[in-house]
Amino acid sequence: MNAIEPASAAQLAPPPVLHVEGLSVSYRTGERVATPIRGLDLTLRAGEIVGLIGETGSGKSTLALALLGLVRSPGRIVSGKLLFGGRDLLAMPPDERRAVRGRDIAIIVQNPRASLNPLLRIGRQIGYVYRSRAHSSAAETRRQTIELLREVGINDPERRVDAYAHELSGGMAQRALIAMALASRPKLLVADEPTSGLDVTIQAQFLDQMWQTVQHSGSAALLIAKEVGIIANYCDRVLVLHEGRIAEDQPVRAFFRAPLHPYSRAVLALQRDGAAKLSGVAMAAGATTRPLISANGLSKHFPVRNSAKVVQAVSDVTLDIWPGETLGLVGESGSGKTTVGRCFVRLTETTAGHIVYHGRDLERLSGSELRQARAKLQIVLQDPFDSLNPRWTVAELLGEPFRIHTKLGRAERRQRAADLLKVVDLEADLLDRRPRGLGAGAMQRLNIARALATKPDFIVLDEPTSVLSPSAIVSLVALLRRIQVEFGVSYLFISHDLTTVRYLCHRVAVMYLGQIVETGAVEQVFARPRHPYARALLSAHLDPDPANRRVDRRSDEQLKGEIPSPIDLPVGCYLASRCPHVLPRCGEQPQNLVPLADGRSVRCWRVATGDLTGDALTGPLV
Amino acid sequence: MGRYIVKRVAVGLVQLIGLTVAVFFLIRLLPADPASRLVGMNPSREAYEQARHQLGLDQPLLTQLGAYLGLSSSGPGLLEGDFGTSWVTSSPVGSEIATYLPVTLELVTISFLIAFLVSVPIGMVGALNPGGRSDKAVFVYGLFAGSQPEFWWGLLFVYVFFFALGWAPAPLGSLSPMTSPPPSVTGFLTIDSLLAGQPDVFVEALQHLVLPVATLVFVLSGPIVKMVRQNMARALRADFVLYANCAGLPPARVARYALRAAMAPSMTLIGILYGFMLGGAVLVENVFSLPGIGQYAVRAVLAYDYPAIQGVVLVITALSLVVYLGIDLIHAAIDPRIVH
Ligand SMILES: Nc1ncnc2c1ncn2[C@@H]1O[C@H](COP(=O)(O)OP(=O)(O)OP(=O)(O)O)[C@@H](O)[C@H]1O
Ligand code: SF4
Ligand SMILES: [Mg+2]
């Protein structure tokens with residue numbers, strides 16, 4: 001069973017776990033042959049976590065699979081050696097290679113849910129993997145499987161072991177895969193964007209766990225990531241994949257200090273330029289006494305099919321948005337951010353509470369007043385491709401609001417459309433094109449231009465940056481700020497991207513399970529969050545700064561487990577099941593949003609009574 | 001699950017009633033005159049009118065529909081399970097269908113079982129070695145088998161195996177004309193002969209089924225193989241199969257993962273094909289002179305025998321609905337994502 005202990009003469013560098021020589025992988029589709037990996041060399045050593053970055057399509061996922069000797073069809077490993085413990089994986093008989101895969105090399109893939117067999121209970125699947133390595137009885141396998149699930153932090157593993165993949169959240173599916181991967185204490189762990197699509201607090205849980213595993217077992221890990229924040233916080237060494245080879249190989253600190261490859265420089269510069277270009281939002285201070293729009297005691301429940309129960313998407317949200325202000329709304333998926341945004345522009349009817357606009361309750365407006373108000377309240381949705389009819393030309397798309405709300409003629413509408421294009425920095429020759437061929441950044445600009453057509457004073461931006469590339473995000477944020485200064489609009493900016501919120505917003509509200517748990521000025525909340533959930537959320541945010549790594553600081557902000565279902569919510573504090581500071585009283589008494597002396601409000605009695613002080617988070621967040 | 005079945009059956013009944021009414025009106029929209037067909041050439045005015053009266057065609061359409069459904073006082077109707085009386089043979093449509101339908105069911109069911117058993121492994125092998133020799137052979141076979149309609153293959157088989165080689169019995173029905181059939185219990189010759197304790201009749205029935213079944217299997221296998229191969233190839237490309245390989249599962253286990261995933265969509269298509277073949281086997285029945293429901297339907301249509309046409313449409317549709325329901329239940333048993 002025991003693998004060969006490499007007799008390394010010089011104990012200077014840890015022994016290599018995997019040594020790759022001249023690896024090439026190609027895909028053949030019809031006549032075309034693409035070779036994303038071309039003669040790649042690579043060494044992974046025991047006890048280190050190596051980060052791998054590269055442009056999309058550069059072959060990172062292809063490489064990850066190839067390290068196990070596998071490719072997606074119609075690909076083929078054309079040449080190369082994969083020396084694992086001194087033996088070439090590619091030259092082994094298939095049975096042995098399979099044994100190595102199961103036992104010594106494990107992989108965690110980009111898309112956890114699709115990687116689980118949808119037709120089998122996860123316990124069965126984990127059991128098959130377990131039994132392919134160790135002979136054990138069915139009962140013993142089941143016990144072990146439950147134990148594994150418990151180890152990776154799945155609540156109630158006795159029940160989950162019988163769940164199917166579609167019954168798991170993305171986070172739980174990922175944990176099930178981790179359970180399989182870690183089951184045999186592999187010597188090499190390959191993780192291909194293991195946290196893409198996960199919420200940040202879950203991402204932090206996973207990466208912390210992986211880090212600990214590698215530290216304790218002396219295995220090696222290759223971590224593929226898009227965000228340099230992850231690389232900076234968890235990796236010892238950074239590799240850059242470019243044109244099918246490792247184009248840069250540096251220790252993590254050196255990499256962030258002096259990146260060598262042009263791609264690395266571009267990636268890092270983007271983050272820094274972005275920060276420089278965007279820092280310092282000043283609010284256009286005016287003498288206003290009344291909020292532009294507010295939500296008072298807003299609640300929204302959705303019925304559950306075949307059940308008398310309801311999903312409490314939003315409960316008792318009260319928010320003011322002042323003229324010319326940007327309010328950031330942050331929180332993990334399912335926390336109710338989008339529903340709040342939709343209630344503000346009355347795309348969704350509220351269950352309880354009111355939206356007050358210019359001092360008047362939107363529900364009380366007459367038909368024509370409501371139509372006028374609607375024109376002034378706009379929303380830009382998450383997916384720019386969904387919200388634009390692909391059969392219309394840009395001129396038609398941008399002219400439509402004028403057709404609905406004004407009596408302008410065709411030529412005038414076209415002129416207005418051209419003006420709007422200019423506002424959002426798009427070329428006028430787009431007018432007669434259809435949006436199909438445009439990139440996500442340009443599409444999102446079109447959406448914003450369309451929202452601006454009716455000269456709104458309030459725009460809800462629902463995750464407008466989530467499908468954009470980093471450079472497109474930077475320029476979109478700059479555009480939004482310019483528009484705000486020029487037209488004096490207020491934004492409700494919904495995002496889970498904390499960096500962008502930090503750049504763009506004046507105030508921020510943190511949501512958890514439909515409630516606002518903390519709200520205050522951006523500097524206040526980001527520098528020293530008070531509510532335990534806000535603290536966990538913000539400390540899970542990873543800065544691209546290897547000098548201040550999350551793994552080096554003491555972290556008591558970690559939350560346990562998963563977000564509970566919004567159907568059966570607890571009586572007391574919604575965070576009680578996950579909170580590191582929970583006391584018995586928390587579970588008994590509903591929590592209210594209590595204003596603190598420094599101007600913010602927090603929904604936690606321990607904070608309100610001064611019991612929980614909460615240090616400033618170490619290091620700057622941006 | 002039980003509630004789901006009840007709901008499906010209820011919906012099915014509503015569909016059947018809707019279909020009955022639709023068919024009822026549609027055939028009466030045809031520019032056909034069943035009465036004149038019944039009384040023959042150059043009938044007298046009275047004879048013609050009398051025939052119309054007998055058939056009830058002189059009544060308003062709604063009255064006719066009421067009588068057919070059994071809503072009027074004229075006697076039992078469809079709602080009591082009475083399909084009416086054939087205008088041509090004057091015997092109850094229900095019992096006629098009960099003699100013709102089992103012949104077709106026997107033929108089609110046996111053909112499907114065999115086609116399925118043959119096609120699934122072939123499709124799997126093709127998917128496991130795409131572009132391999134067996135894969136190419138299957139492709140060519142599919143093209144070849146699909147190139148001619150089934151009655152043509154049937155005729156060719158008759159020519160080769162009966163006429164030239166003499167291996168198969170004459171294509172003159174389900175049994176040789178000399179043999180007297182066993183007493184009808186289920187209507188299925190193979191079953192009834194065994195029930196009657198007549199193994200020689202059973203063997204003879206099987207011999208007579210060989211060529212028609214072979215014809216259908218020959219024609220059906222092409223599309224089924226293609227479908228299984230496609231679904232299997234898709235399943236093999238799925239992420240969870242790749243991941244099973246990553247986790248080092250044995251190849252047999254991985255193949256079973258993929259097969260199960262490929263089976264679910266294949267079942268649905270096979271169910272639809274089965275429902276289609278219940279009516280579509282008529283060409284093969286014709287070639288082999290099998291007294292199946294297809295033959296019955298053709299005769300009914302040619303004779304403008306309205307009650308018979310309605311009965312056949314209704315029964316075939318009801319059968320198809322039952323088959324679809326069965327397939328959906330199997331599908332749900334395979335795939336936990338389907339909740340009823
Ligand atoms: N199954 C496949 N068939 C054909 N070509 C493929 C296949 N998988 C990947 N490729 C091609 O290989 C190249 C590398 O793809 P790969 O998915 O490895 O890149 P990546 O760096 O992981 O990208 P991303 O950052 O988007 O995850 C791309 O040009 C891609 O189009
Ligand atoms: S009320 Fe209690 S459980 Fe809730 S956040 Fe505060 S300390 Fe944690
Ligand atoms: Mg990838």
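Accessible area, as used here, comes from the Shrake-Rupley method with a 1.4 Å probe. With that in hand we can begin with chain B of this predicted model, which exposes about 17,400 Å², with carbon and sulfur atoms supplying 69% of that area. The secondary structure of chain B comes to 14 helices and 0 strands, and the C-alpha atoms of the chain fill a box of roughly 85 × 55 × 40 Å when it is taken along the principal axes. Of the 340 residues in chain B, 44% count as buried. If we consider the contacts in chain B whose separation is 6 or more, we find that residues 24 or more positions apart account for 69% of them.

A good place to enter chain B is helix α1, which runs over residues 2-29. This helix has 28 residues and reaches 40 Å from its first C-alpha to its last, close to the 40 Å expected at 1.5 Å a residue. Its buried residues are Y4(B), G12(B), L16(B), T20(B), V23(B), F24(B), I27(B) and R28(B), and what covers them includes two other helices of chain B, namely α4 (61-69) and α14 (306-334).

Further along the same chain, E96(B) lies in helix α5, which spans residues 93-128. This glutamate counts as buried because its relative accessibility is 10%, and the cut-off for buried is under 20%. Which residues does E96(B) touch, if those up to four places away in sequence are not counted? They are S86(B), T89(B), S91(B) and Y296(B). The last of these deserves a second look, since E96(B) and Y296(B) are 200 residues apart along the chain, while their C-alpha atoms are separated by 8.7 Å.

We now turn to chain A, and to a residue of chain A that touches chain B. R98(A) lies in helix α2, made of residues 94-103 of chain A, and at 18% relative accessibility it counts as buried, because the value is under 20%. Not counting residues up to four places away in sequence, R98(A) touches G248(B), L249(B), P250(B) and P251(B). Within chain A, the side chain of R98(A) makes a polar contact with the side chain of D95(A), at 2.4 Å.

Another buried residue of chain A is T201(A), which lies in helix α8, residues 200-217. T201(A) is buried because its relative accessible area is 3%, where the cut-off is under 20%. The side chain of T201(A) makes a polar contact of 2.4 Å with the side chain of E332(A). Leaving aside neighbours within four places in sequence, T201(A) is in contact with E332(A), A536(A), L537(A), A540(A), Q558(A), L559(A) and R578(A).

Still in chain A, helix α17 covers residues 470-487 and has 18 residues. From its first C-alpha to its last, α17(A) reaches 26 Å, close to the 26 Å expected at 1.5 Å a residue. The buried residues in α17(A) include A472(A), I473(A), V474(A), L476(A) and V477(A), and also L479(A), L480(A), R481(A), I483(A) and Q484(A). Just after this helix, G488(A) takes a positive phi of about 65°.

The model also holds ligands, and we can look at the surroundings of two of them. Around ligand 1 there are 16 residues, of which the closest are G57(A), G59(A), K60(A), S61(A) and T62(A). Which helix gives the most to this shell? It is helix α1 of chain A, residues 60-66, with 3 residues. By class, the shell around ligand 1 has 3 nonpolar, 8 polar and 5 charged residues. Several close approaches involve oxygen atoms of the ligand: a polar side-chain atom of K60(A) lies 2.7 Å from an oxygen atom of ligand 1, a polar backbone atom of G57(A) is 2.9 Å from an oxygen atom of ligand 1, and a backbone N or O atom of S58(A) lies 3.2 Å from an oxygen atom of ligand 1. The protein covers 68% of the 640 Å² of accessible area that ligand 1 has on its own.

Ligand 2 has 13 residues around it, and P532(A), C573(A), C579(A), C586(A) and C604(A) come nearest. By class, the shell around ligand 2 has 9 nonpolar, 3 polar and 1 charged residues.

Conventions: Residues numbered from 1 in each chain as written. Chains lettered and ligands numbered in written order. Predicted model: local features only at pLDDT ≥ 70, side-chain atom pairs only at ≥ 80, totals over all residues. Heavy atoms only, no water. Near = heavy atom within 4 Å. Polar contact = N/O pair within 3.5 Å; in protein donor to acceptor, adjacent residues only side chain to side chain. Helix = DSSP H or I, 4+ residues; strand = E, 2+ residues; numbered from the N terminus. Nonpolar A, V, L, I, M, F, W, Y, C, P; charged D, E, K, R; others polar. Expected span 1.5 Å × (residues − 1). Buried < 20%, exposed > 50% of the residue type's maximum accessible area, 1.4 Å probe, protein only. Contact = heavy atoms within 4.5 Å.
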